[in-house]
Amino acid sequence: MAVQNLQSVPAELSPEELEAAAQRDADGQANFDRVMAEDSRIEPRDWMPADYRKSLLRQISQHAHSEIIGMQPEANWISRAPSLKRKAILMAKVQDEAGHGLYLYSAAETLGQSRDEMMDALIAGKARYSSIFNYPARTWADMGAIGWLVDGAAICNQVPLCRASYGPYGRAMVRVCKEESFHQRQGFEILLELANGTAEQKQMAQDAVNRWYAPALMMFGPPDDDSPNSRESMAWNIKRFSNDELRSRFVGMMVEQVRVLGLTLPDSEIRFNEDTKKWEHGPLDWNEFKEVLAGRGPCNAQRLERRREAHDDGAWVRESAAAYAAKQVNKQKEYAA
Ligand SMILES: [Fe+2]
Ligand SMILES: [Fe+2]
C-alpha cells in the first residue's frame, strides 16, 4: 500500500510503522471521500489529501492577504471623508476588513502554516492577493464604487463559500458575509447621494463606476477555460460555482441596482441571453489582469511598501503581546507548582 499523505509520515519508519501509516492514509482517504460524497465537512484534525490542504492554504491565505491589502485604497480616504458620519462609517468598514483578514489567517493556520510565514511571504512579494486592490482610489466617489462593486463582487464570490467543505473556512465566511452586506450598502448609499447631487457630483460617481466596473468583473478570476485551479476546487466542494457563472450573476445584480442609482454601467454589450438564461457582458482585458497579477499594476509597489511599513511599525505590538503571553504562561506554571 503506498503512503499518499506524506505529511503524516515521520522519517525513519520501520516496515510495520510504514504499513500502519499507509493504513491510516487509506482509512483517511475513505473518510474524506465519504465526506465529499455526503457534502459534509472536513475539520482541522481530520485526515485530508495533501493537495486539498495545499489548495486550501493557497486560497485562504490569498483571501486573507486580499482583506489586509484591501484596507489601503479606502484607508487613504478616511482623513478626507466629507463628514464626520462618513468618516465613522468608513473607519468601521476598513476595520472590518482587518477583522476579515484575522478570521482568515486563523482559518489558514489550522492547515499547518504559521501567520508569520504567511505574512513573510506577503511582504517578500511572493504571495498573491486580489488584483483589484492594485488600482488607485482617485476621488471620494471611489469609496462608493469600491463598496458597491468590489464588496458586491466579494459577496457574490463568498456567499457560496459559506458552504465550503473545510469547516474553519466556511464558518469564517459566514461572519465575513454579514459584514460585507453592510459594506456594499454603504458604498451604494455614497453613490446614491452623489448621483442625486450636483451635476459634477453625479459625474464623479459615474466616473468612479466606469473605472471600477471592469476590474470588479475580473475579481471572479479568469474565464472558466483558463482557470486551472477551479475544477479541482469544485470537485472538493470548496468552490460551488465557476468563475464565469458567478460573474454572470454579478452582472445581473448590478444591472438592476445601477438603474436605482440613475447611473450606467460602462458596457454596451450587457444582455440577458434567453437561451442560456444567463447575463452576458462585453470583453474584458485579460492581459491587463495578468499584468496586474504579475506585479505590474498601477499600485502594486506602493501597496507592498505600505504593508511592509505597517508591519515594521507594528513590531512593538507583536513583541509586547508575546512578552505578555510568556508572562501569563510563567504565572500559570508558578501557580501550578
Ligand atoms: Fe472583507
Ligand atoms: Fe468588505
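This is a short talk on the two iron sites, the nonpolar core and the cysteines of one protein model.

Okay, hi everyone. Before anything else, keep in mind that this is a predicted model.

Let's start with the metals. Which residues hold the iron ion we call ligand 1? Its donors are E67, E97 and E180, each through an OE atom, plus H100 through ND1, at 2.0 to 2.2 Å. If you like patterns, the spacing of those donor residues along the sequence reads E-x29-E-x2-H-x79-E. So that's one site, and it links distant parts of the chain: E97 sits in helix 4, which covers residues 84–109, while E180 is in helix 7, 83 residues apart.

Now the second iron ion, ligand 2. Its protein donors are E97 (OE), D151 (OD), E180 (OE) and H183 (ND1), and they lie 1.9 to 2.2 Å from the ion. Here the spacing is E-x53-D-x28-E-x2-H. Again distant stretches come together, with E97 from helix 4 and D151 from helix 6, residues 141–158, 54 residues apart.

You may have noticed E97 turning up twice. How far apart are the two iron ions that E97 bridges? They are 3.3 Å apart.

What about the geometry? The site of ligand 1 is irregular, with angles of 85 to 148 degrees among its four donor atoms. Ligand 2 has an irregular site too, and there the angles run from 85 to 165 degrees.

Are the donors E97 and E180 buried or exposed? E97 counts as buried because its relative accessibility is 5%, where buried means under 20%. E180 counts as buried as well, at 2%. D151 is also buried.

Next, the nonpolar core. The largest one has 85 residues, and those touching the most other members are Y52, I60, W148, Y166, Y169, F250 and L265. Helix 7, residues 167–195, gives the most to this core, with 10 residues. That's the helix where we found E180. Let's zoom in on F250: leaving out residues up to four places away in sequence, F250 touches L149, G152, A153, C156, A216, L217 and F220.

Last topic, cysteines. How many disulfides does a search of the whole structure find? Zero. Take C162: the closest cysteine sulfur belongs to C177, but it is 3.9 Å away, so that is too far for a bond. The cut-off for a disulfide is 2.5 Å between the sulfurs. And C299, for its part, counts as buried, at 4% relative accessibility.

That's my tour, thanks for listening!

Key: Residues numbered from 1 in each chain as written. Chains lettered and ligands numbered in written order. Predicted model: local features only at pLDDT ≥ 70, side-chain atom pairs only at ≥ 80, totals over all residues. Heavy atoms only, no water. Core = buried A, V, L, I, M, F, W, Y, C linked by side-chain atoms within 4.5 Å. Buried < 20%, exposed > 50% of the residue type's maximum accessible area, 1.4 Å probe, protein only. Helix = DSSP H or I, 4+ residues; strand = E, 2+ residues; numbered from the N terminus. Contact = heavy atoms within 4.5 Å. Donors = N, O, S within 2.8 Å, 3.2 Å for Na, K, Ca; no water. Tetrahedral: all angles 85-135°; square planar, octahedral: opposite > 155°, others 65-115°.
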